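Work through these exercises with the model in view. Try each task before reading its solution.

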Amino acid sequence: MSELKLSPDRFFDPNPSVRKIAREIYNSVKSLPIISPHGHVDPSLFSENKPFPNPTQLFLIPDHYIYRMLYSQGLATLEELGIPDINGNVYESNPKKIWDIFASNYYLFNGTPSGVWLDYEFSQVFGIKEKLNAKNGMKIYEQLQKKINGKNFLPRTLFDKFNIQALSTTDAAFDDLRHHKKIKESGWKGKIIPCFRPDSVTDLSNSKWNESIKLLGKSVGYEISSYKKFISALEERRTFFKSMGATSTDHGVFSAYTHELTVKEAEAIYNKAFKGKTTPEDARLFTAHMLMEMARMSIDDGLTMQIHPGSFRNHNEVIFNKFGLDKGCDIPMQTEFTFNLKELLNKFGNNKNLTVIIFTLDETAYSRELAPLAGHYPAMKLGPAWWFHDSLEGMMRYRQMTTETAGFYNTVGFNDDTRAFVSIPARHDVARRVDSNFLAGLVAKHVINKSEALQIAKDLTYNLVKKAYKL
Amino acid sequence: MSELKLSPDRFFDPNPSVRKIAREIYNSVKSLPIISPHGHVDPSLFSENKPFPNPTQLFLIPDHYIYRMLYSQGLATLEELGIPDINGNVYESNPKKIWDIFASNYYLFNGTPSGVWLDYEFSQVFGIKEKLNAKNGMKIYEQLQKKINGKNFLPRTLFDKFNIQALSTTDAAFDDLRHHKKIKESGWKGKIIPCFRPDSVTDLSNSKWNESIKLLGKSVGYEISSYKKFISALEERRTFFKSMGATSTDHGVFSAYTHELTVKEAEAIYNKAFKGKTTPEDARLFTAHMLMEMARMSIDDGLTMQIHPGSFRNHNEVIFNKFGLDKGCDIPMQTEFTFNLKELLNKFGNNKNLTVIIFTLDETAYSRELAPLAGHYPAMKLGPAWWFHDSLEGMMRYRQMTTETAGFYNTVGFNDDTRAFVSIPARHDVARRVDSNFLAGLVAKHVINKSEALQIAKDLTYNLVKKAYKL
Amino acid sequence: MSELKLSPDRFFDPNPSVRKIAREIYNSVKSLPIISPHGHVDPSLFSENKPFPNPTQLFLIPDHYIYRMLYSQGLATLEELGIPDINGNVYESNPKKIWDIFASNYYLFNGTPSGVWLDYEFSQVFGIKEKLNAKNGMKIYEQLQKKINGKNFLPRTLFDKFNIQALSTTDAAFDDLRHHKKIKESGWKGKIIPCFRPDSVTDLSNSKWNESIKLLGKSVGYEISSYKKFISALEERRTFFKSMGATSTDHGVFSAYTHELTVKEAEAIYNKAFKGKTTPEDARLFTAHMLMEMARMSIDDGLTMQIHPGSFRNHNEVIFNKFGLDKGCDIPMQTEFTFNLKELLNKFGNNKNLTVIIFTLDETAYSRELAPLAGHYPAMKLGPAWWFHDSLEGMMRYRQMTTETAGFYNTVGFNDDTRAFVSIPARHDVARRVDSNFLAGLVAKHVINKSEALQIAKDLTYNLVKKAYKL
């Protein structure tokens, strides 16, 4: 048996002098409330507050970080892993069988952030005492099942226990936010806020664009038959989102290209699309134009704008055609920012009232493009190490490659960006440890002193995220 | 005099706690047999088993890592370094004169992998006690000459002494593998296997393509006058290579672009080429298509497929025109994988029976493209840090940038990829040390525990390479 | 109050064994003379040798590293920071008001090279004992003012105190070098030499090209009415610069593209430009051609050639239109070298009499393109970590990513590249510390031994720069 016991010094530099400082810095921030300004947790968890059905449904099914690893090793198909297909069919309905594959191959996660997060969740959230493996898999499954059947592991109870001060979901432009309403009406104090993500209606290359436009029309009560109505509808929806607590918008785009069209050009493209006649070039230009429009609206309504380009979505068409979106088949690509953001930053980047947070999956842009841009334009801030780079090494590279040019104060703190609710405290704990350790290194090398480091740690953990997202 | 004595702790982190763990991990793998699944050692070394003629011929002439450094400093021309030109002419035939240039400038290799490997070879293989320099150059030359004149330094003896379990050469599609045959027939037990590398016949832009096609025709006994015959010939040759022990194919390509042509399109391009009328676009498409064909054949015959794009070969035309290929003038370039591999991975990447190993000289692709792809597609694995990146820092960056997304188990162990036979144990020793040290860092930071690290070390050194190359 | 006291061990690895070696290596080089072969200090400082007017004029106004950070945080506009506009208007003329913004936000520079340099300047050059902050800002202002009013802080006195052996300015092709002359004639022994930077006349896309050509004409005494006269004028000016002590030329280009035009082609493009009819493609080709011409001239006259591509100048047009060049709005971009330098390196790169130093703002090129190129072509050398990468982490990445392929001896030592004269000793001190620390790491890991490290440190600090710039 391999004991599962987390070291209080985990992820800190093995050098005793750095470690001692890292410990002190970490201890000063570890109990600060969690702010989760960007993520994909399903709000129905909190409106319904039902027990999680079983460990497989809790840990594996919503987390493509996990099943992609099992899939990559040829250990099981997505069918065998119980992932529902695009029509909701489930080909393997025995959660224990799936858990067994996971448990037997848990060693694959050694050295990965998933391994680190899962160890935390098992140990710190569920009190499991052994590291998961082929032998103890079923025993641990039963232990977990027993816990989640009880009251102490209901979503709202965990939310409070995790000390989450605010959690943002991500929601389509036409979403009625019924779960957010229900949560508000329930009297529960947990702050679950929406985030306005209009990609499905701003991306003309989306195969369901016409469908989405109809849904947008329903949400505002009129047909979106012209570009002007489209813009009005978006403005109305932003107002609605804001009234429901939203403080930000989110834009997942193929490239970071920004470009303003004339109203006439935009109308012509919109009208073509409305008749189902979009070209790829139309879609490219319209997305670039809509980023400009969204920045303009953000200056009006104060919503913080987030842009994250550079993911080739649904790279594996075999999986996409059967299982749909978000199945671990999104692959990063080379991403250009200096040219692409120029038009947006030239028009809006000098405006102190705007906050545009830029994310990247292409780490080469950190020191080359993003830190220099964020280190100059008042409106632009750097999002944290994102997705594949939300990891021990990834976050370290992020600080090493951005701090010297952008400083700490043109960044915005940590985002967990997760669909896996119980991983939230694990992820924030890792981020706090990595930042504490990075700062400890600077102190030990006499780049900054300890009192400076303690202040920066607090800012990175809590103050910067509050400020950037106006929370 | 500067003593040449290798520290048992070399290349380990100076932190005592990390170093102690690294030492323990390294000690557990240092004596495992060497598997060298990809390299360029001349098989005639072992079929003929003659003594190496002199130290210059042994260390310098076959190793462009070494003479490129001397050339870059303007210390000598390739003529003065005794490199044979394209017609076999040698302009400097005094090996001692060449050795003197090398010895007098040995300090140039400080901080480079060549320096580290040479120190190992001199010290561990040849028992040299002093670091090479201008003063002791001739003395050491004589010491080396004496050794290689003796029986203990014949190629086969060294092969056994190096504890090499299998060594793969790299061979043209039309090669008759006479040396491999001769080795088999000799009764010597050393496992020297071929690898099928058809670049000279699949790359239509190769100036000697027509010549190569004729050689391919000779090797199968019929003229390769059509695309269909071309495909058949390749299939036959793969079968022959497999019968001679090959377990893999190797594809050195300009870009990683993959794309399937229709048979009609492929035939049209082939026919044009056969008449000597290839365009660059033809060549680009045909190479992309042949990668698809090679993957299809690999699913049929089980040969592991290796793709290594991204080298601008023969960048220095002055050198190329006089001295030909592989003279240290190949320069890496930006390399794209996400788009380029899509067609191959969509068609074949979900197939568990295929293994495609991808190499890169563009390290930016590690975390951005390659680890995400290998972390998803069952058929794809990541080749090790390659060529210029087969080095202390290069291998460390490789683990730091790939492990968190792809894990350890979507990688395939170490390749030495060398032309310099006696450098093999030196190179494997460095790889084992770097991996041991990387794992020790994870243990010291409590990311994994020591028993996990010991298992991973064994897998990285021995098990993964055996599995990936079916050895 | 926070004490400002620099640790003698600053920037060294916290590991005691590495730190001890780093200290020894650093102590062996810390007092070597400073050679500053590339920078932007105004030569009038030394010809006039007047006291600096006030701390704001000394530290803030000439240093866009500093005011860009304040601007990026939306703390003040450039107007409010006293930056003169394009017509010389100054909107805030109270230096104390500006200093107060700077002092109150000094914490923004924590973790940045500016922070590290400023601490050095305040402490080591001006004897300030407290770290700058909102409270002590005015007190420190007065302390600084008092010092710079005195004789000990005149430019020439500081130059001697800084132990600068040679300092190169950067000067337009048509500059009359009157300040350099005046310095020479003054009898003062300080070596201030010019560097020939002809960008304003070789870049046809420069909006003031025709104006610049007229100035070039004035400088040689004839109208530059043809391409041939243009070439002659440049040759004459190079001769003049050389007679004034120049040993190098400098070429800031958008891309590294090199390509030789026929004389006819070059003439046609020149004639069009002369009539004010340049196209972007003309400009691109002409710049590429002029790099070839400059290399040719360098072989003739022996001036070392510097090329630094990859900066998107004046990215923020709002700032550029009002304040002009060099206001912290230059943003790096992806930069390609393998293809772009091929023509230049094929034609001139094998020539031992040429030295071409290449700089990059795109760090991805270090290991992928630049180290392999510099590790092969005799004429090519690698410039040091540049601009945003002239920093603790940036210089460490530079050594880590270039040394293994190019070695130490295909690099050229440190450049401060600064406009801020008093930051020179601070910057060189950081570079010496980072290199000493990097070498100490190699010693502690037994990659090289200590006597080798001591020699390399001396070469990196002093010998290589002397050799590369022929000083």
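**Exercise 1.** Find what rotation superposes chain B on chain A.

*Solution.* Superpose the copies by least squares on the C-alpha atoms of residues with pLDDT of at least 70 in both. A rotation of 120° results, with 0.0 Å of shift along its axis and an RMSD of 0.0 Å. That is the relation of a three-fold axis. This is a predicted model: local features need pLDDT of at least 70, side-chain atom pairs count only at pLDDT 80 or more, and totals for chains, interfaces and linings use all residues. Residues are numbered from 1 along each chain as its sequence is written, and chains are lettered from A in the order in which they are written.

Now take the surfaces. Only 5% of the interface residues of chain B are also interface residues in chain A, so the copies meet through different surfaces.

**Exercise 2.** Describe the side of chain A that touches chain C.

*Solution.* Start with the contacts (C-beta atoms, placed from the backbone, within 7 Å). Here 38 residues of chain A meet 42 residues of chain C. Next, find the main helix (a DSSP run of H or I, at least four residues, numbered from the N terminus). α17(A) gives the most to this side, with seven residues. Finally, sort by class: 13 nonpolar, 17 polar and eight charged residues. Nonpolar means Ala, Val, Leu, Ile, Met, Phe, Trp, Tyr, Cys and Pro; charged means Asp, Glu, Lys and Arg; the others, Gly among them, are polar.

**Exercise 3.** Locate the domains of chain A.

*Solution.* An automatic or database domain assignment sets the bounds. Domain 1 covers 16–51 + 154–468, and domain 2 covers 52–153. Their centres, taken over C-alpha atoms, are 27 Å apart.

Technical notes:
Contact = placed C-beta atoms within 7 Å. Helix = DSSP H or I, 4+ residues; strand = E, 2+ residues; numbered from the N terminus.
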